[in-house]
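Visitor: Could we go through the aromatic rings and the nonpolar interior of this protein together?
Guide: Certainly; please have the structure open beside the text.

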Amino acid sequence: MTDFAAARRMMVDGQVRTADVTDLRLLAAMQDTPRERFLPASLAAVAYLDFDAPASESGSRRLLKPMVLAKLIQAAEIGKADRVLDVGCATGYSTAVLSELAGEVFALEEDSSLARRAMEALRGLRHVTVVTGELSAGWPEGGPYDAVVVNGAVEVAPRELCKQLKDGGRLVCVSGTGPAGKALLYRRSGGEVASRSIFDASAPLLPGFAKAPAFAF
């Protein structure tokens with residue numbers, strides 16, 4: 001039988017701390033959050049491996065690998081009073097971690113079966129709301145947001161999500177697919193939004209963020 005508590009400590013110490021994640025609140029949140037509860041029971045044993053774990057047995061959607069998720073959240077500089085939009089929450093693991101850092105979290109998922117599982121897994125957590133809708137459209141009803149965390153890769157700029165940021169708000173995501181991917185930090189200043197690359201990263205492409213196929217003669 002897997003010792004999940006020990007596996008969780010090894011994940012934090014071996015995958016997250018070693019990747020220059022130094023935010024003590026974030027490290028404690030990942031240490032406290034049982035990632036195995038957000039995977040199908042048949043896949044619980046792989047919860048703490050260094051890869052994008054399947055959120056369902058079909059494997060069509062995945063939870064970001066712990067290191068990538070941790071570095072994205074750290075870059076978003078989430079404060080105790082912040083309102084956060086968690087885009088592509090899947091079964092809710094990232095939301096559970098964010099709930100220990102922020103004042104309020106809106107967890108957005110467009111797959112209704114995943115959203116139901118997230119609601120069940122997150123039941124009882126204060127200041128967490130699971131909502132269902134198109135990921136690329138965000139959730140303007142809950143905004144504006146201090147931070148937006150995109151749980152996957154995008155091939156196109158997340159313009160609608162950036163519109164939902166407060167002045168000074170931050171958005172983090174992975175841009176591009178495959179080994180050439182880059183984690184980006186977007187920041188709103190007045191009416192302008194600027195982005196910069198913060199680290200190399202790969203992540204599964206999220207629905208609604210694929211580049212339109214180019215027409216070929």
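Guide: What follows concerns a predicted model, beginning with its aromatic rings.

Visitor: How many aromatic pairs are there in the structure?
Guide: The structure contains three aromatic pairs. One of them joins Phe4 and Tyr48, a tilted pair with 6.5 Å centre to centre and 55° between the planes.

Visitor: Where do Phe4 and Tyr48 lie in the chain?
Guide: Phe4 belongs to helix α1 (residues 4-16), whereas Tyr48 is in the loop between α2 (24-32) and β1 (53-54). The two residues are 44 residues apart, and the pair thus links distant parts of the chain.

Visitor: And Tyr48, is that buried or exposed?
Guide: Tyr48 is buried, at a relative accessible area of 7%. Phe4 is partly exposed, with 22%.

Visitor: Why is the pair of Phe106 and Tyr145 classed as edge-to-face?
Guide: The planes of Phe106 and Tyr145 stand at 70°, with the ring centres 6.0 Å apart. Planes over 60 degrees apart count as edge-to-face, so the pair of Phe106 and Tyr145 is given that description. The pair links distant parts of the chain, with Phe106 in strand β4 (residues 104-109) and Tyr145 in strand β6 (residues 145-154), 39 residues apart. Phe106 counts as buried at 10% relative accessibility, and Tyr145 counts as buried at 0%.

Visitor: Changing topic: which ring does the charged end of Arg35 sit over?
Guide: The charged end of Arg35 is placed over the ring of Tyr93, 5.3 Å from its centre. Arg35 itself lies in the loop between α2 and β1.

Visitor: What is the nearest side chain of opposite charge to Arg35?
Guide: That is Asp52, 6.4 Å away; Arg35 is buried and has no salt bridge. The residues that Arg35 touches include Met11, Tyr48, Phe51, Leu63 and Tyr93.

Visitor: And Lys71, which ring face does that lie over?
Guide: Lys71 lies over the face of Phe199, at 4.9 Å from the ring centre.

Visitor: Now the interior. How many residues are in the largest nonpolar core?
Guide: The largest nonpolar core has 52 residues, and Leu26, Met30, Leu72, Ile73, Ile78 and Tyr93 have the most contacts inside it. Helix α3 (residues 66-75) supplies the largest share of this core, six residues.

Visitor: What does Ile78 touch?
Guide: Leaving aside residues up to four places away in sequence, Ile78 touches several residues, among them Ile73, Val84, Leu98, Val149 and Arg170. Apart from the largest core lies another core of 19 residues, including Leu108, Val131, Leu206 and Phe209.

How values were computed. Residues numbered from 1 in each chain as written. Predicted model: local features only at pLDDT ≥ 70, side-chain atom pairs only at ≥ 80, totals over all residues. Heavy atoms only, no water. Phe/Tyr/Trp six-rings, centres within 6.5 Å; stacked < 30°, edge-to-face > 60°. Helix = DSSP H or I, 4+ residues; strand = E, 2+ residues; numbered from the N terminus. Buried < 20%, exposed > 50% of the residue type's maximum accessible area, 1.4 Å probe, protein only. Lys NZ or Arg CZ within 6 Å of the ring centre and 35° of its normal. Core = buried A, V, L, I, M, F, W, Y, C linked by side-chain atoms within 4.5 Å. Contact = heavy atoms within 4.5 Å. Lys, Arg positive; Asp, Glu negative; His and termini not counted. Salt bridge = Lys/Arg side-chain N within 4 Å of Asp/Glu carboxyl O.
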